[in-house]
Amino acid sequence: MKNLSQLRRLSTFLNTTTETHLKNPIDFSSPINYKKTPISLPHRTMPAAKGQDLDFINIAHSHLIHSEWDKLNKLASGFTPFRIKHILLKTRKDYVLSLQLFNWVDLTNSQLNTLDVVSIILHILTKNRKFKSAESILRRTIETRGGVSDMDFPRKVFEALVYSYRMCESSPRAFDSLFKTHAHMNKFRNASDSFCWMKEYGFYPTVESCNAYLSALNGMGRGDIVLAFYKEMRRCKISPNVYTVNMVIRAYCKLGKLETAVEVFKEMEGLGLVRNVVSYNTMIAGYCSKGLSSSGLKLKNTMEKNGVRPNEVTYNTLMNALCKEGKLYEANKLFKEMRSVNVVPTTVTYNTLISGYSETGNSEMGIRLFEEMSASGVKADILTYNAVIMGLCKEGKTKKAAYMVKELDKEKLVPNSSTFAALITGQCVRDNADRAFQIYKSMVRSGCGPNGATFKMIISAFVKNGDYEGALQVLREMMGRAIAPDSDTLSSIFDGLGKSGKVDLAVDLWSEIESQRLMPEGFVKTMIGS
């Protein structure tokens, strides 16, 4: 199919195994020789069954409609793709029978279910609006047969559907299901190719399938492709619904184009779309991501005036923004309002507030919220405990923090990197660098990876106590994990080693850092000048 191969240039996605690391934006524009008149579907017919084939097909069909599976099992060795296709076409008015036969063949000898056979069952199922069953078969087919080595497999599937379309008296929903399945599987190149091939035959996916594609792209942080595809949807006169536009607004917000997001939000009414709670929440999240919580609060008031009731996501988003800005009073005020209007606080709600109070050194309020959370029957998770532990550790209350760690086991929660980082913080606050380093070792034994901030904190504690060899030991652990130290950390260690007369250690350290290429940019000049 020459036209199909020409269309492959419309898609500029990278062809990777997961197809999730896309660098180039998709080009949905048409080639120079693009024809506005759709290509006619081929009138392919299947050779008529004769002789032994015809006898076998009639007998097998009779056993199938009478659910005589024992008799079918005896005939299993006589099945061929040709015979299976004929039986499927005979039963296409009864999708249940067709699917039973297909599944039976799949269990008996899956190799007999060739792409031609698969295409026929897909047409039968989609014609009868059994889209989930069709997509399940498509997913299984793509996973088991569409390996990386077969670059043309997506095209082969599409062509099989094209050639069997007329003989199955099918509907465009067969192609729609193919497009949607690729989208759900994050096979973005395959989805974009299918979309372009569909256009060539005058077929377009439903808005629901387009939304599945947009959602998958948004989930992978590809807002740029979301916007390109949305423009192509409009050009192809695929009418967006409120879910479509919500995802477009989200894409603009994630790309930092807040003003454009606001414009699209305002245009929804002109498109005949009624903004829902997700529309408002998406826009509120956009404002909050830019540090504009006041604008987010105003929009919340507007949504209430327009008869849209805020939900837990609305409140959680705003409270999170206020806590990050250090506006705990306003966040708590929203929390009280949330409960007064019967919006039930969630684990996320409590985690947000507890973290906010912990960051500002108010562990007492964090504990109070934690107890209230438990009394309200809201399940605490590891993030909750980490927030409480961090609040206690920042104030040097390491014994109370240790008690909270013991509670984790009772709740069947596993400490993670953040848990250990909080405990290390507590020991560093108390100037107990040795104990902090012991916790670090426990952290590593537990399979949790420390980050640069954790190492810097322990090193600072050793330096503060004048234990430069201890600081050097931690620094080597840090470099062993290929984490580059910053200039401030190195300066404190080199200065300390120099002042304590351990110049040889400083020279050796310098060589180690240079050999591992972890020296901060410009740091050499700083040292030369000192």
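Is A482 buried or exposed? Let me begin there, with a single residue, and then widen the view, keeping in mind throughout that what we have in front of us is a predicted model. A482 counts as exposed, because its relative accessibility is 61% and the cut-off for that word is anything over 50%. If you look for A482 along the chain, you will find it in the loop between α26, which covers 468-480, and α27. Its backbone also deserves a glance, since phi of A482 is near 60°, which is a positive value in a residue other than glycine.

There is a second residue to set beside that one, namely R517, where phi is near 55°, again a positive value in a residue other than glycine. R517 sits in the loop between α28 and α29, the latter being residues 523-529, and with a relative accessible area of 77% R517 is exposed.

Between those two loops lie two helices that I would like you to look at next. Helix α27, residues 487-499, packs with helix α28, residues 503-515, at an angle of about 150°, and their axes are 8 Å apart. That angle makes α27 roughly antiparallel to α28, because angles over 145 degrees are given that description. From the side of α27 the contact is made by L490, I493, F494 and L497, while α28 brings V503, L505, A506, L509, W510 and I513. What kinds of residue make up this contact of α27 with α28, nonpolar, polar or charged? The residues divide into 10 nonpolar, no polar and no charged.

One of those contact residues, L509 of α28, leads us to the interior. The largest nonpolar core has 160 residues, and L509 is among those with the most contacts inside it, together with F79, Y213, I249, M283 and L475. As general background, nonpolar side chains in soluble globular proteins tend to be buried together. To see what such a residue has around it, take M283: which residues does M283 touch, if we do not count residues up to four places away in sequence? The partners of M283 are I249, C253, L258, A261, V262, F265 and L299, and I249 in that list is itself one of the residues with the most contacts inside the core.

Two further buried positions are worth a pause. S177 is found in helix α9, and it counts as buried because its relative accessibility is 1%. Leaving aside neighbours within four places in sequence, S177 is in contact with T126, F131, E135 and L138. C428, for its part, has its place in helix α23, residues 417-429, and is buried with a relative accessible area of 11%. With the same neighbours left aside, C428 is in contact with A436, M457, I458 and A461. The last of these partners, A461, is 33 residues away from C428 along the chain, yet the C-alpha atoms of the two are separated by 5.5 Å.

Let me finish with the charged side chains, where the structure holds 27 salt bridges, of which I will show three. In one of them, D116 pairs with K85, and the closest N and O atoms are 3.7 Å apart. This pair links distant parts of the chain, for D116 lies in helix α6, residues 115-127, and K85 in helix α4, residues 81-90, with the two positions 31 residues apart. D116 counts as partly exposed at 38% relative accessibility, whereas K85 is buried at 15%.

In another, the side chains of E169 and R92 meet at 3.8 Å, N to O. Here too distant parts of the chain are linked, E169 being in the loop between α8 and α9 and R92 in the loop between α4 and α5, 77 residues apart. Both ends are partly exposed, E169 with a relative accessible area of 42% and R92 with 23%. R92 and E169 also belong, with K93, to a network of salt bridges.

The third is the pair of D224 and R222, whose closest N and O atoms are 2.6 Å apart. Which of these two is buried, and which is partly exposed? D224 counts as partly exposed at 30% relative accessibility, while R222, at 8%, counts as buried.

Technical notes. Residues are numbered from 1 along each chain as its sequence is written. This is a predicted model: local features need pLDDT of at least 70, side-chain atom pairs count only at pLDDT 80 or more; totals for chains, interfaces and linings use all residues. Side-chain values use heavy atoms; hydrogens and water are left out. A nonpolar core is a set of buried Ala, Val, Leu, Ile, Met, Phe, Trp, Tyr and Cys residues joined through side-chain atoms within 4.5 Å. Buried means under 20% relative accessible area, exposed over 50%, partly exposed in between (1.4 Å probe, protein chains only). Contact means heavy atoms within 4.5 Å. A salt bridge is a side-chain nitrogen of Lys or Arg within 4 Å of a carboxyl oxygen of Asp or Glu. Helices (H or I, at least four residues) and strands (E, at least two) are DSSP runs, numbered from the N terminus. Axes are lines fitted to C-alpha atoms, for helices over the stretch in contact, and angles run from 0 to 180 degrees between N-to-C directions. Angles under 35 degrees count as roughly parallel, over 145 as roughly antiparallel, 65 to 115 as roughly perpendicular and the rest as oblique. Ala, Val, Leu, Ile, Met, Phe, Trp, Tyr, Cys and Pro count as nonpolar, Asp, Glu, Lys and Arg as charged, and the others, Gly among them, as polar.
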